[in-house]
Amino acid sequence: IPGIDLPVPRLIQGGARLSTGAQEDADTLLDGIFARGCCAVETARTYGGGTSEEALGRWIRSRGVRDRFVIMT
């Protein structure tokens, strides 16, 4: 994908189910997919009015994985 320096995996997690209202669940899901080698999430501001992107950002910050994770929004 032009502009992305990291290789984009064949498996990409959709972000529609992520939410700051259920941050612990989002963290558990993202921890699981990352542990299995998935390092990309597709998300959009329309998912929960932006709470999907916020939840993803919180997880990335708390895990320190921004340099190893592809975000498509």
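Which side chain does R68 meet in a salt bridge? I looked this up first and found D67 as the partner, at 3.9 Å from N to O, where a salt bridge is a side-chain nitrogen of Lys or Arg within 4 Å of a carboxyl oxygen of Asp or Glu.

I noted that this is a predicted model, in which local features need pLDDT of at least 70 and side-chain atom pairs count only at pLDDT 80 or more, while totals for chains, interfaces and linings use all residues. Residues are numbered from 1 along each chain as its sequence is written, and side-chain values use heavy atoms, with hydrogens and water left out.

I then checked accessibility (buried is under 20% relative accessible area, exposed over 50%, partly exposed in between, with a 1.4 Å probe and protein chains only): D67 is exposed at 57%, whereas R68 is partly exposed at 43%.

The count comes to 2 salt bridges. I found D31 paired with R63, the closest N and O atoms being 2.9 Å apart. D31 lies in helix α1 (residues 23–35) and R63 in helix α2 (residues 51–63), so the pair ties together parts that are 32 residues apart in sequence; helices are DSSP runs of H or I, at least four residues, numbered from the N terminus. D31 is partly exposed at 33%, and R63 is partly exposed at 34%.

Last, I looked up the contacts of L56 (heavy atoms within 4.5 Å): leaving aside neighbours within four places in sequence, L56 is in contact with L18, L30, V41, T43, F69 and I71.

Technical notes:
Helices (H or I, at least four residues) and strands (E, at least two) are DSSP runs, numbered from the N terminus.
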